[in-house]
Amino acid sequence: MPYTLNCSILLTELPLLQRAQAAKQAGFDSVEFWWPFSEAAPSDKQVDDFVASLKNAGVQLDGLNFFAGDMPAGDRGLVSWIGREAEFKANIDVVVAIAQATGCKAFNALYGNRIDGASPAAQDELALENLVAAAQGVAEVGGTVLIEPVSGTEAYPLKTAAQALEVVNTVKAQGLANIALLADFYHLAVNGDDVAAVIEAHAKDFGHIQIADAPGREAPGTGNLPLKQWISRSMELGYTGKVALEYKQDAATAFNWLANANA
């Protein structure tokens with residue numbers, strides 16, 4: 001399987017700039033990160049140090065999130081967050097710069113939570129504007145914006161593949177083709193979506209796949225999701241991208257399942 005390792009949820013025992021090297025040592029040539037900085041527009045040195053950590057490790061950056069706010073505090077993106085438009089627009093420029101330096105092509109734009117006092121329609125209008133700008137920005141590097149259904153946050157409005165695809169199609173109606181569904185099998189399953197049906201209908205158009213087992217969001221084999229079956233079927237139906245390991249587990253045991261699967 002063409003796995004890539006999410007270094008923002010795994011290997012977190014290590015400082016961020018050491019994780020790419022640790023991923024390489026664990027046998028991965030490809031990594032992805034959530035936004036690796038605490039602000040939308042970090043300093044040039046911060047960006048340079050991050051890029052250098054990838055190049056020195058000899059790994060390819062295959063996925064990157066746009067800045068999503070304070071994730072530990074519950075934020076889930078700026079795309080629809082009224083009042084933070086300038087931050088998101090500034091972030092696009094940094095994302096594109098990182099893409100130019102690394103060759104990254106896939107960029108997850110978390111939609112953002114519903115905000116008390118703001119109408120959903122106004123948030124969706126802003127989201128469309130921001131996603132058009134994001135898609136136009138990453139088009140410069142041949143990139144694709146990803147839209148992800150997410151679990152565990154009631155205020156996040158995109159919980160099913162259908163809801164995310166509605167956003168994707170709204171952006172495409174503006175004449176932009178470089179936007180796609182991020183199919184996170186864990187989030188979809190936990191939210192009650194029919195993952196097998198989503199695969200049958202849309203696998204060839206998936207922009208990216210991420211996996212974790214449920215319950216628990218730990219490594220494949222710790223829960224009851226037929227992840228291998230879902231991945232294989234997605235590929236049979238035309239998905240050609242990487243499969244990101246985006247689960248929670250300590251570094252000492254995180255890849256035991258993979259060693260056993262390859263035995």
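# Close-up views of a predicted model

**View 1. Ser119 sits in the loop between strand S4 (106–108) and H4.** Helices (H or I, at least four residues) and strands (E, at least two) are DSSP runs, numbered from the N terminus. Ser119 is partly exposed, at a relative accessible area of 36%; buried means under 20%, exposed over 50%, and partly exposed in between (1.4 Å probe, protein chains only). To place Ser119 against another part of the chain, look for Ile82: 37 residues separate the two in sequence, and their C-alpha atoms are 9.9 Å apart. The model is predicted, so local features need pLDDT of at least 70 and side-chain atom pairs count only at pLDDT 80 or more, while totals for chains, interfaces and linings use all residues. Residues are numbered from 1 along each chain as its sequence is written, and side-chain values use heavy atoms, with hydrogens and water left out.

**View 2. Helices H4 and H5 pack at an angle of about 65°.** H4 covers residues 120–139 and H5 covers residues 161–172, and their axes lie 10 Å apart (axes are lines fitted to C-alpha atoms, for helices over the stretch in contact, and angles run from 0 to 180 degrees between N-to-C directions). Which residues does H4 bring to meet H5? They are Leu128, Leu131 and Val132, and on the H5 side Val167, Thr170 and Val171 meet them.

**View 3. Val132 is a helix H4 residue with a buried position.** Its relative accessibility is 16%. Val132 touches Val171, Gln174 and Leu176, once residues up to four places away in sequence are set aside; contact means heavy atoms within 4.5 Å. For a sense of spacing, follow Val132 to Thr170: the pair is 38 residues apart in sequence and 9.7 Å apart in space, C-alpha to C-alpha.

**View 4. Tyr3 and Trp257 form an aromatic pair with an edge-to-face arrangement.** The structure holds 10 aromatic pairs (rings of Phe, Tyr and Trp, the last by its six-membered ring, pair if their centres lie within 6.5 Å; planes under 30 degrees apart count as stacked, over 60 as edge-to-face and the rest as tilted). In this pair the ring centres are 5.6 Å apart and the planes stand at 80°, so the geometry counts as edge-to-face. Tyr3 belongs to strand S1 (residues 3–6) and Trp257 to helix H9 (residues 256–261), so the pair ties together parts that are 254 residues apart in sequence. Are Tyr3 and Trp257 buried or exposed? Both Tyr3 and Trp257 are buried.

**View 5. Ring pairs join four aromatic residues into a cluster.** Look here for Phe33, Trp35, Phe37 and Phe50, which are linked to one another through these pairs.

**View 6. Leu258 lies in helix H9 and is in contact with Tyr3 and Phe28.** That pair of partners leaves aside neighbours within four places in sequence. Leu258 is buried, its relative accessible area being 13%. How many residues along the chain separate Leu258 from Leu126? The answer is 132, and the C-alpha atoms of Leu258 and Leu126 are separated by 42 Å.

**View 7. Ala254 occupies the loop between strand S8 (243–245) and H9.** With a relative accessible area of 0%, Ala254 is buried. Apart from neighbours within four places in sequence, Ala254 is in contact with Leu10, Ala219, Tyr247 and Gln249. Between the C-alpha atoms of Ala254 and Leu176 the separation is 38 Å, with these positions 78 residues apart along the chain.

**View 8. The loop between S7 and H8 contains Pro215 and Arg217.** Strand S7 spans 208–211 and helix H8 spans 227–236. What kind of peptide bond joins Ala214 and Pro215? It is a cis bond, with omega about 0°. Turn next to Arg217, where phi is positive at about 55° although the residue is not a glycine. Arg217 is also buried, with a relative accessible area of 12%.

**View 9. Leu11 shows a positive phi in a residue other than glycine.** The value is near 65°. Leu11 lies in the loop between S1 and helix H1 (19–25). At 5% relative accessibility, Leu11 counts as buried.
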